[in-house]
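Q: I'd like to learn how to read a ligand site in a model like this one. Can you walk me through it?

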Amino acid sequence: MASTERPLSPHLQIWRWGLHMGLSIAHRTTGIGNAVGALLLVWGFYALASGPEAFAGFHDFLTSLLGRLVLFGVTFSVMLHLCTGVRHLIMDTGRGLEIASNRRIGILAILAAIALTLGLWAGAYGFAGAL
Amino acid sequence: MTKFRTPISKVRGLGSARSGAHHWWHQRITAVVNLFLVLWFAASVMTLAGADYATIIWWVRDPIVSVLLVLLIGSLFYHFRLGVQIVIEDYVHDEGTKKISLLALTFATLALALAGILSVLKISFGG
Ligand code: HEM
Ligand code: HEM
(Lines give C-alpha, C1' and ligand atoms only; values in the text may rest on other atoms or scores of the structure.)
(Ligands and ions follow the chains in the order given, each with its own letter.)
Protein backbone atom coordinates (compact mmCIF):
# COMPACT_ATOMS: atom_id res chain seq x y z
CA MET A 1 0.00 0.00 0.00
CA ALA A 2 2.41 2.68 1.23
CA SER A 3 4.52 3.86 -1.67
CA THR A 4 6.28 6.44 0.50
CA GLU A 5 8.29 5.73 3.63
CA ARG A 6 6.00 6.40 6.58
CA PRO A 7 6.36 5.52 10.24
CA LEU A 8 4.57 2.24 10.99
CA SER A 9 2.49 1.54 14.05
CA PRO A 10 4.14 -0.84 16.54
CA HIS A 11 4.09 -4.32 15.05
CA LEU A 12 2.68 -7.48 16.58
CA GLN A 13 5.93 -8.76 18.13
CA ILE A 14 6.36 -5.80 20.50
CA TRP A 15 3.01 -6.35 22.27
CA ARG A 16 3.10 -8.29 25.49
CA TRP A 17 0.79 -11.27 25.58
CA GLY A 18 -2.13 -10.84 27.88
CA LEU A 19 -5.75 -11.74 28.39
CA HIS A 20 -6.95 -8.76 26.35
CA MET A 21 -4.89 -9.85 23.34
CA GLY A 22 -6.02 -13.47 23.58
CA LEU A 23 -9.66 -12.38 23.82
CA SER A 24 -9.30 -10.05 20.85
CA ILE A 25 -7.94 -12.91 18.75
CA ALA A 26 -10.59 -15.26 20.15
CA HIS A 27 -13.38 -12.83 19.22
CA ARG A 28 -12.20 -12.72 15.61
CA THR A 29 -11.55 -16.48 15.41
CA THR A 30 -14.94 -17.39 16.89
CA GLY A 31 -16.66 -14.81 14.66
CA ILE A 32 -15.29 -16.64 11.62
CA GLY A 33 -15.81 -20.05 13.27
CA ASN A 34 -19.48 -19.23 13.83
CA ALA A 35 -19.86 -19.56 10.06
CA VAL A 36 -19.84 -23.34 10.65
CA GLY A 37 -22.85 -22.85 12.93
CA ALA A 38 -24.56 -20.65 10.33
CA LEU A 39 -24.03 -23.36 7.69
CA LEU A 40 -25.48 -26.01 10.03
CA LEU A 41 -28.47 -23.73 10.66
CA VAL A 42 -29.21 -23.32 6.94
CA TRP A 43 -28.62 -27.02 6.26
CA GLY A 44 -31.01 -27.91 9.09
CA PHE A 45 -33.86 -25.71 7.84
CA TYR A 46 -33.25 -26.77 4.24
CA ALA A 47 -33.43 -30.43 5.32
CA LEU A 48 -36.57 -29.76 7.41
CA ALA A 49 -38.23 -28.06 4.43
CA SER A 50 -37.24 -30.95 2.12
CA GLY A 51 -39.08 -33.63 4.09
CA PRO A 52 -38.54 -36.39 6.66
CA GLU A 53 -35.93 -38.37 4.64
CA ALA A 54 -33.71 -35.32 4.07
CA PHE A 55 -34.09 -34.38 7.72
CA ALA A 56 -33.07 -37.90 8.77
CA GLY A 57 -29.73 -37.37 6.97
CA PHE A 58 -29.13 -34.12 8.85
CA HIS A 59 -30.20 -35.71 12.13
CA ASP A 60 -27.92 -38.74 11.56
CA PHE A 61 -24.95 -36.43 11.03
CA LEU A 62 -25.68 -34.31 14.11
CA THR A 63 -26.09 -37.32 16.39
CA SER A 64 -22.94 -39.06 15.10
CA LEU A 65 -19.74 -38.70 17.13
CA LEU A 66 -18.29 -36.25 14.59
CA GLY A 67 -21.57 -34.33 14.49
CA ARG A 68 -21.67 -34.03 18.27
CA LEU A 69 -18.05 -32.83 18.38
CA VAL A 70 -18.76 -30.22 15.68
CA LEU A 71 -21.93 -29.06 17.44
CA PHE A 72 -20.15 -28.84 20.78
CA GLY A 73 -17.40 -26.76 19.17
CA VAL A 74 -20.00 -24.53 17.52
CA THR A 75 -21.86 -24.10 20.81
CA PHE A 76 -18.69 -22.98 22.59
CA SER A 77 -17.61 -20.76 19.67
CA VAL A 78 -20.99 -18.99 19.53
CA MET A 79 -21.23 -18.62 23.32
CA LEU A 80 -17.65 -17.31 23.66
CA HIS A 81 -18.20 -14.85 20.78
CA LEU A 82 -21.49 -13.81 22.38
CA CYS A 83 -19.84 -13.17 25.76
CA THR A 84 -16.76 -11.42 24.35
CA GLY A 85 -19.18 -9.53 22.08
CA VAL A 86 -21.07 -8.25 25.14
CA ARG A 87 -17.66 -7.29 26.58
CA HIS A 88 -17.03 -5.27 23.41
CA LEU A 89 -20.40 -3.56 23.76
CA ILE A 90 -19.60 -2.70 27.39
CA MET A 91 -16.21 -1.29 26.37
CA ASP A 92 -17.91 0.77 23.63
CA THR A 93 -19.65 2.69 26.42
CA GLY A 94 -16.24 3.55 27.91
CA ARG A 95 -16.50 1.08 30.75
CA GLY A 96 -14.09 -1.74 31.55
CA LEU A 97 -11.07 -0.07 30.02
CA GLU A 98 -8.89 0.10 33.16
CA ILE A 99 -6.43 -2.77 33.59
CA ALA A 100 -8.21 -4.31 36.58
CA SER A 101 -11.78 -3.92 35.33
CA ASN A 102 -10.79 -5.04 31.82
CA ARG A 103 -9.28 -8.20 33.25
CA ARG A 104 -12.36 -8.77 35.38
CA ILE A 105 -14.88 -8.62 32.51
CA GLY A 106 -12.51 -10.72 30.39
CA ILE A 107 -12.42 -13.55 32.91
CA LEU A 108 -16.16 -13.17 33.45
CA ALA A 109 -16.79 -13.55 29.70
CA ILE A 110 -14.81 -16.81 29.56
CA LEU A 111 -16.53 -18.25 32.64
CA ALA A 112 -19.97 -17.26 31.32
CA ALA A 113 -19.24 -18.89 27.95
CA ILE A 114 -18.18 -22.16 29.63
CA ALA A 115 -21.25 -22.10 31.90
CA LEU A 116 -23.64 -21.41 28.98
CA THR A 117 -22.09 -24.17 26.84
CA LEU A 118 -22.18 -26.80 29.57
CA GLY A 119 -25.65 -25.68 30.67
CA LEU A 120 -27.07 -25.96 27.15
CA TRP A 121 -25.57 -29.44 26.64
CA ALA A 122 -26.68 -30.74 30.03
CA GLY A 123 -30.15 -29.32 29.29
CA ALA A 124 -30.24 -30.91 25.84
CA TYR A 125 -29.30 -34.35 27.19
CA GLY A 126 -31.88 -33.85 29.91
CA PHE A 127 -34.66 -33.03 27.41
CA ALA A 128 -33.61 -35.91 25.15
CA GLY A 129 -33.92 -38.17 28.19
CA ALA A 130 -30.46 -39.55 27.64
CA LEU A 131 -28.83 -38.40 30.86
CA MET B 1 -23.42 13.58 12.57
CA THR B 2 -24.12 14.36 8.98
CA LYS B 3 -23.18 18.01 9.57
CA PHE B 4 -19.53 17.05 9.84
CA ARG B 5 -19.45 15.47 6.40
CA THR B 6 -18.29 17.15 3.22
CA PRO B 7 -20.61 16.86 0.19
CA ILE B 8 -18.29 14.42 -1.58
CA SER B 9 -18.06 12.29 1.57
CA LYS B 10 -21.87 12.13 1.67
CA VAL B 11 -22.05 11.10 -1.96
CA ARG B 12 -19.50 8.37 -1.40
CA GLY B 13 -21.20 7.32 1.84
CA LEU B 14 -18.05 5.51 2.89
CA GLY B 15 -16.87 7.50 5.92
CA SER B 16 -13.26 8.34 6.74
CA ALA B 17 -11.98 4.77 6.64
CA ARG B 18 -13.99 3.95 3.50
CA SER B 19 -16.47 1.88 5.49
CA GLY B 20 -17.86 4.58 7.75
CA ALA B 21 -19.87 5.01 10.87
CA HIS B 22 -22.97 3.26 9.62
CA HIS B 23 -21.00 0.02 9.29
CA TRP B 24 -19.92 0.33 12.91
CA TRP B 25 -23.50 1.00 14.03
CA HIS B 26 -24.97 -1.85 12.03
CA GLN B 27 -22.36 -4.25 13.43
CA ARG B 28 -23.50 -3.26 16.92
CA ILE B 29 -27.24 -3.19 16.23
CA THR B 30 -27.08 -6.67 14.71
CA ALA B 31 -24.85 -7.75 17.62
CA VAL B 32 -27.57 -6.82 20.14
CA VAL B 33 -30.28 -8.44 17.99
CA ASN B 34 -28.12 -11.57 17.69
CA LEU B 35 -27.55 -11.59 21.43
CA PHE B 36 -31.26 -12.04 22.14
CA LEU B 37 -32.20 -14.21 19.15
CA VAL B 38 -29.20 -16.55 19.46
CA LEU B 39 -29.89 -17.14 23.16
CA TRP B 40 -33.59 -17.74 22.37
CA PHE B 41 -32.69 -20.15 19.54
CA ALA B 42 -30.09 -22.05 21.60
CA ALA B 43 -32.55 -22.47 24.48
CA SER B 44 -35.28 -23.60 22.04
CA VAL B 45 -33.06 -26.17 20.33
CA MET B 46 -32.06 -27.43 23.76
CA THR B 47 -35.70 -28.15 24.62
CA LEU B 48 -36.19 -29.76 21.17
CA ALA B 49 -33.30 -32.23 21.66
CA GLY B 50 -34.58 -35.71 20.90
CA ALA B 51 -37.79 -34.41 19.29
CA ASP B 52 -39.04 -36.08 16.08
CA TYR B 53 -39.56 -34.49 12.65
CA ALA B 54 -43.26 -33.68 13.15
CA THR B 55 -42.63 -31.95 16.49
CA ILE B 56 -39.89 -29.75 15.03
CA ILE B 57 -42.06 -28.83 12.01
CA TRP B 58 -44.91 -27.99 14.40
CA TRP B 59 -42.53 -25.74 16.36
CA VAL B 60 -41.25 -23.89 13.25
CA ARG B 61 -44.83 -23.35 12.02
CA ASP B 62 -45.83 -21.28 15.03
CA PRO B 63 -46.12 -17.77 13.49
CA ILE B 64 -44.08 -16.10 16.22
CA VAL B 65 -41.36 -18.73 15.92
CA SER B 66 -41.31 -18.37 12.10
CA VAL B 67 -40.91 -14.60 12.34
CA LEU B 68 -38.15 -14.85 14.96
CA LEU B 69 -36.32 -17.45 12.85
CA VAL B 70 -36.44 -15.23 9.75
CA LEU B 71 -35.16 -12.29 11.83
CA LEU B 72 -32.42 -14.48 13.34
CA ILE B 73 -31.19 -15.66 9.94
CA GLY B 74 -31.30 -12.11 8.50
CA SER B 75 -29.53 -10.46 11.43
CA LEU B 76 -26.97 -13.25 11.76
CA PHE B 77 -25.88 -13.22 8.13
CA TYR B 78 -25.90 -9.40 7.94
CA HIS B 79 -23.71 -9.28 11.07
CA PHE B 80 -21.42 -11.95 9.61
CA ARG B 81 -21.22 -10.06 6.30
CA LEU B 82 -20.20 -6.84 8.13
CA GLY B 83 -17.73 -8.66 10.39
CA VAL B 84 -15.90 -10.56 7.66
CA GLN B 85 -15.68 -7.33 5.64
CA ILE B 86 -13.52 -5.88 8.44
CA VAL B 87 -11.36 -8.99 8.48
CA ILE B 88 -10.90 -8.82 4.69
CA GLU B 89 -10.07 -5.11 4.84
CA ASP B 90 -7.48 -5.83 7.55
CA TYR B 91 -5.63 -8.54 5.63
CA VAL B 92 -6.25 -8.04 1.90
CA HIS B 93 -4.42 -4.98 0.66
CA ASP B 94 -4.62 -5.41 -3.10
CA GLU B 95 -7.57 -3.27 -4.26
CA GLY B 96 -8.71 -5.71 -6.96
CA THR B 97 -8.54 -8.80 -4.76
CA LYS B 98 -10.28 -6.86 -2.00
CA LYS B 99 -13.19 -5.82 -4.26
CA ILE B 100 -13.62 -9.36 -5.57
CA SER B 101 -13.44 -10.87 -2.05
CA LEU B 102 -16.08 -8.44 -0.78
CA LEU B 103 -18.34 -9.16 -3.75
CA ALA B 104 -17.97 -12.92 -3.24
CA LEU B 105 -18.70 -12.44 0.46
CA THR B 106 -21.89 -10.49 -0.33
CA PHE B 107 -23.16 -13.11 -2.79
CA ALA B 108 -22.31 -16.05 -0.50
CA THR B 109 -23.97 -14.55 2.58
CA LEU B 110 -27.01 -13.41 0.58
CA ALA B 111 -27.45 -16.84 -1.02
CA LEU B 112 -27.16 -18.66 2.33
CA ALA B 113 -29.48 -16.24 4.12
CA LEU B 114 -32.08 -16.58 1.36
CA ALA B 115 -31.81 -20.38 1.39
CA GLY B 116 -32.41 -20.38 5.15
CA ILE B 117 -35.26 -17.86 5.06
CA LEU B 118 -37.04 -19.55 2.13
CA SER B 119 -36.79 -22.91 3.91
CA VAL B 120 -38.38 -21.47 7.04
CA LEU B 121 -41.16 -19.83 4.98
CA LYS B 122 -41.78 -23.05 3.04
CA ILE B 123 -42.25 -24.94 6.32
CA SER B 124 -44.31 -22.14 7.79
CA PHE B 125 -46.65 -21.95 4.75
CA GLY B 126 -46.96 -25.72 4.86
CA GLY B 127 -45.15 -26.61 1.60
C1 HEM C 1 -32.55 -1.78 13.20
C2 HEM C 1 -32.18 -1.45 12.00
C3 HEM C 1 -31.32 -0.25 11.61
C4 HEM C 1 -30.93 0.87 12.32
C5 HEM C 1 -31.29 1.25 13.75
C6 HEM C 1 -30.11 1.65 11.44
C7 HEM C 1 -29.47 2.83 11.81
C8 HEM C 1 -28.77 3.62 10.95
C9 HEM C 1 -28.12 4.86 11.33
C10 HEM C 1 -28.09 5.43 12.75
C11 HEM C 1 -27.55 5.37 10.21
C12 HEM C 1 -26.77 6.66 10.10
C13 HEM C 1 -25.30 6.36 10.31
C14 HEM C 1 -24.43 7.52 10.02
O15 HEM C 1 -24.85 8.67 10.20
O16 HEM C 1 -23.29 7.28 9.59
C17 HEM C 1 -27.83 4.48 9.10
C18 HEM C 1 -27.42 4.65 7.82
C19 HEM C 1 -27.62 3.74 6.78
N20 HEM C 1 -28.26 2.51 6.88
FE21 HEM C 1 -29.13 1.79 8.52
N22 HEM C 1 -30.01 1.02 10.24
C23 HEM C 1 -30.75 -0.13 10.29
C24 HEM C 1 -30.91 -1.08 9.28
C25 HEM C 1 -30.41 -0.96 8.00
C26 HEM C 1 -30.50 -1.99 6.99
C27 HEM C 1 -31.15 -3.36 7.20
C28 HEM C 1 -29.88 -1.49 5.88
C29 HEM C 1 -29.64 -2.12 4.53
C30 HEM C 1 -29.56 -3.40 4.33
C31 HEM C 1 -29.41 -0.16 6.18
C32 HEM C 1 -28.73 0.66 5.31
C33 HEM C 1 -28.22 1.90 5.63
C34 HEM C 1 -27.53 2.76 4.69
C35 HEM C 1 -27.25 2.45 3.23
C36 HEM C 1 -27.17 3.91 5.43
C37 HEM C 1 -26.45 5.13 4.89
C38 HEM C 1 -25.00 5.00 5.18
C39 HEM C 1 -24.28 6.31 4.96
O40 HEM C 1 -24.86 7.32 4.57
O41 HEM C 1 -23.07 6.30 5.23
N42 HEM C 1 -29.75 0.12 7.48
N43 HEM C 1 -28.57 3.43 9.60
C1 HEM D 1 -24.59 -14.15 19.59
C2 HEM D 1 -24.54 -12.85 19.68
C3 HEM D 1 -23.42 -12.05 19.07
C4 HEM D 1 -22.90 -10.92 19.63
C5 HEM D 1 -23.33 -10.28 20.95
C6 HEM D 1 -21.87 -10.44 18.74
C7 HEM D 1 -21.12 -9.29 18.95
C8 HEM D 1 -20.16 -8.80 18.11
C9 HEM D 1 -19.50 -7.51 18.24
C10 HEM D 1 -19.77 -6.47 19.33
C11 HEM D 1 -18.61 -7.41 17.22
C12 HEM D 1 -17.69 -6.21 16.94
C13 HEM D 1 -16.39 -6.36 17.67
C14 HEM D 1 -15.35 -5.34 17.26
O15 HEM D 1 -15.69 -4.23 16.89
O16 HEM D 1 -14.17 -5.69 17.32
C17 HEM D 1 -18.67 -8.63 16.45
C18 HEM D 1 -17.87 -8.92 15.37
C19 HEM D 1 -18.02 -10.05 14.58
N20 HEM D 1 -18.99 -11.03 14.68
FE21 HEM D 1 -20.36 -11.14 16.15
N22 HEM D 1 -21.76 -11.28 17.66
C23 HEM D 1 -22.71 -12.28 17.81
C24 HEM D 1 -22.94 -13.35 16.93
C25 HEM D 1 -22.21 -13.61 15.77
C26 HEM D 1 -22.43 -14.71 14.87
C27 HEM D 1 -23.54 -15.77 15.04
C28 HEM D 1 -21.49 -14.63 13.88
C29 HEM D 1 -21.26 -15.50 12.67
C30 HEM D 1 -22.18 -16.12 12.01
C31 HEM D 1 -20.65 -13.49 14.17
C32 HEM D 1 -19.56 -13.08 13.41
C33 HEM D 1 -18.79 -11.97 13.67
C34 HEM D 1 -17.61 -11.58 12.91
C35 HEM D 1 -17.01 -12.34 11.72
C36 HEM D 1 -17.12 -10.40 13.49
C37 HEM D 1 -15.89 -9.59 13.06
C38 HEM D 1 -14.72 -9.94 13.92
C39 HEM D 1 -13.56 -9.03 13.77
O40 HEM D 1 -13.64 -7.95 13.16
O41 HEM D 1 -12.52 -9.37 14.32
N42 HEM D 1 -21.11 -12.89 15.33
N43 HEM D 1 -19.64 -9.46 17.02
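A: Sure. Start with the polar contact: it is a pair of N or O atoms within 3.5 Å. Keep in mind that this is a predicted model.

Q: With that cut-off, how far is a nitrogen atom of ligand 2 from an N or O atom in the side chain of His27(A)?
A: The distance is 3.4 Å, so the pair falls within the 3.5 Å limit and counts as a polar contact.

Q: Which other side chains put a polar atom 2.8 Å from a nitrogen atom of ligand 2?
A: His81(A) has a polar side-chain atom at that 2.8 Å distance from a ligand nitrogen, and His79(B) has one at 2.8 Å as well.

Q: Where does ligand 2 lie with respect to the chains?
A: Ligand 2 sits between chains A and B. Its surroundings come to 21 residues, and the closest are His27(A), Arg28(A), His81(A), Arg28(B) and His79(B).

Q: What kinds of residues make up that shell?
A: The shell splits into nine nonpolar, 10 polar and two charged residues. Histidine goes in the polar group here, because the charged class holds just Asp, Glu, Lys and Arg.

Q: Which helices supply at least two residues each to the shell?
A: From chain A they are α1 (19-50) and α3 (65-92), and from chain B α2 (20-48) and α4 (63-91).

Q: Back to His27(A): is it buried or exposed?
A: Buried means under 20% relative accessible area. His27(A) has 18%, so it counts as buried. That area takes only the protein chains as cover, so the ligand plays no part in the figure.

Q: Which residues does His27(A) touch, beyond its sequence neighbours?
A: Leaving out anything within four places in sequence, His27(A), a residue of helix α1 of chain A, contacts His81(A), Thr84(A), Gly85(A) and His88(A). Take His81(A): 54 residues separate the two in sequence, yet their C-alpha atoms are 5.5 Å apart.

Q: How about the metal: which protein donor does the iron atom of ligand 1 have?
A: For a metal like this, you look for N, O and S atoms within 2.8 Å. The only protein donor is NE2 of His26(B), at 2.3 Å. His26(B) belongs to helix α2 of chain B.

Q: And how many helices and strands does chain B have?
A: Five helices and zero strands. Of its 127 residues, 37% count as buried. Chain B exposes about 7700 Å², with 73% of that supplied by carbon and sulfur atoms.

Conventions:
Residues numbered from 1 in each chain as written. Chains lettered and ligands numbered in written order. Predicted model: local features only at pLDDT ≥ 70, side-chain atom pairs only at ≥ 80, totals over all residues. Heavy atoms only, no water. Near = heavy atom within 4 Å. Polar contact = N/O pair within 3.5 Å; in protein donor to acceptor, adjacent residues only side chain to side chain. Donors = N, O, S within 2.8 Å, 3.2 Å for Na, K, Ca; no water. Buried < 20%, exposed > 50% of the residue type's maximum accessible area, 1.4 Å probe, protein only. Areas by Shrake-Rupley, 256 points an atom, 1.4 Å probe, with all protein chains shown as cover. Contact = heavy atoms within 4.5 Å.
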